[in-house]
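Subject: Handing over the structure

Hello,

I am passing this structure on to you, and I thought a short tour would help you find your way around. Please open it first, and then read on below.

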Amino acid sequence: MKMAAWVTLGIALLLPCAGWAQADFAAKQPSVKILNVESLPLQKGKAASVKLTFRVAPGFHVNSNHPNSEMLIPTVLKLDPPTDLSLGNIQYPDGQQLSFPFAPDEKLSVYTGDFAVSATARTVGSIRVGTYRVHGELKYQACDDHACYPPKSVPVAFDVNVANPPKAPKHNPAQSPNVHN
């Protein structure tokens, strides 16, 4: 009977500790989240830039789009625009060249903190004026100073507004000076 009481007391004392450990573990999960999307109105027949800003969780880094080794998983943005809208020419920032305790003599090309990826939006065909939802995902592999974690992806969704091009000023012959030779 005494043994059961000690086991119960031990479990009661350990449960709060397990909760703290779980909360601490959850707080230190590697993640990347989207912070902001800047998109200028897209005029029919023209191109416009879209800039997506991401944030890597503190204490972690992700490989850049061009890691220094083929063995490393690059960060890649994939976009799936609706019909009559094209998104391409994706531009990634240069990675920071950093070394870590697990390979102190080797520099890795990584993103930490905030980084931005841009793409060029274009209209295709006879797109109508309006708002178009673009979906996609950012695929990445996060690491800390001691380990790399399984690859993940974060969903991306944003709107692109398509507008008519500005109207050209009308030519009024009454305002044109007469030129006679």
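Let me start at T75, which sits in the loop between β4 (61–63) and β5 (76–80). Please keep in mind throughout that this is a predicted model. Is T75 buried or exposed? T75 counts as buried, because its relative accessibility is 0%. What surrounds T75, once residues up to four places away in sequence are set aside? T75 touches V62, N63, S64 and N65, the aromatic residues Y92, Y111 and F115, and also L138, K139 and Y140.

Now a step back to the overall fold. The protein has one helix and 12 strands. Reading from the N terminus, the helix comes at the start and the strands follow, in the order α-β-β-β-β-β-β-β-β-β-β-β-β. Of its 181 residues, 27% count as buried. The protein exposes about 12200 Å², and carbon and sulfur atoms supply 57% of that area. If you look at contacts between residues at least 6 apart in sequence, 68% of them join residues at least 24 apart.

Strand β9 is a good place to go next. Strands β3 and β9 run antiparallel and are joined by nine bridges. One of the pairs to look for is T53 with its bridge partner A116 in β9. Strand β6 (residues 85–91) also pairs with β9, again in the antiparallel sense, over five bridges. There, L85 has T123 in β9 as its bridge partner.

Within β9 you will also find T120. T120 counts as buried, because its relative accessibility of 18% is under the 20% cut-off. T120 and G88 are 32 residues apart along the chain, yet their C-alpha atoms are separated by 5.4 Å. Which residues does T120 contact beyond its neighbours within four places in sequence? They are A47, A48, S86, L87, G88 and N89.

A separate group of strands is worth a look too. Four strands form an open sheet with antiparallel pairing, in the order β7-β8-β4-β11. Its edge strands are β7 (96–100) and β11 (142–143), each of which pairs on one side only. Strand β7 is joined to strand β8 (residues 103–111) by four bridges, and the two run antiparallel. In this pairing, L98 stands opposite L108 in β8.

Next, the interior. In soluble globular proteins, nonpolar side chains tend to be buried together. Here the largest nonpolar core has 30 residues, and those with the most contacts inside it are V32, F54, V62, L77, L87, F115 and F158. Strands β3, β5, β6, β9, β10 and β12 each supply at least two residues of this core. F54 makes a handy landmark: leaving aside neighbours within four places in sequence, its contacts include V32, I34, L35, L77, F115, V117, L138, V154 and V156. F54 is also in contact with K33, G113 and D114.

That last residue brings me to the charged pairs. How many salt bridges does a search of the whole structure find? The search finds three. Side chains of opposite charge can pair when their charged atoms come close.

- R55 and D114 form a salt bridge, with the closest N and O atoms 2.6 Å apart. The pair links distant parts of the chain, as R55 is in strand β3 (residues 47–56) and D114 is in strand β9 (residues 114–123), 59 residues apart. R55 is partly exposed at a relative accessible area of 35%, and D114 is partly exposed at 42%.
- R133 and D159 form a salt bridge, with the closest N and O atoms 3.1 Å apart. This pair also links distant parts of the chain, with R133 in strand β10 (residues 130–140) and D159 in strand β12 (residues 152–163), 26 residues apart. R133 is partly exposed at 42%, and D159 is partly exposed at 36%.
- K139 and E137 form a salt bridge, with the closest N and O atoms 3.5 Å apart. K139 is partly exposed, with a relative accessible area of 35%, and E137 counts as partly exposed at 27%. You have met K139 before, as one of the residues that T75 touches.

Enjoy exploring!

Best wishes

Key: Residues are numbered from 1 along each chain as its sequence is written. This is a predicted model: local features need pLDDT of at least 70, side-chain atom pairs count only at pLDDT 80 or more; totals for chains, interfaces and linings use all residues. Side-chain values use heavy atoms; hydrogens and water are left out. A salt bridge is a side-chain nitrogen of Lys or Arg within 4 Å of a carboxyl oxygen of Asp or Glu. Buried means under 20% relative accessible area, exposed over 50%, partly exposed in between (1.4 Å probe, protein chains only). Contact means heavy atoms within 4.5 Å. Two strands pair if DSSP finds at least two bridges between them. A nonpolar core is a set of buried Ala, Val, Leu, Ile, Met, Phe, Trp, Tyr and Cys residues joined through side-chain atoms within 4.5 Å. Accessible areas come from the Shrake-Rupley method with a 1.4 Å probe; for residues, only the protein chains shown count as cover.
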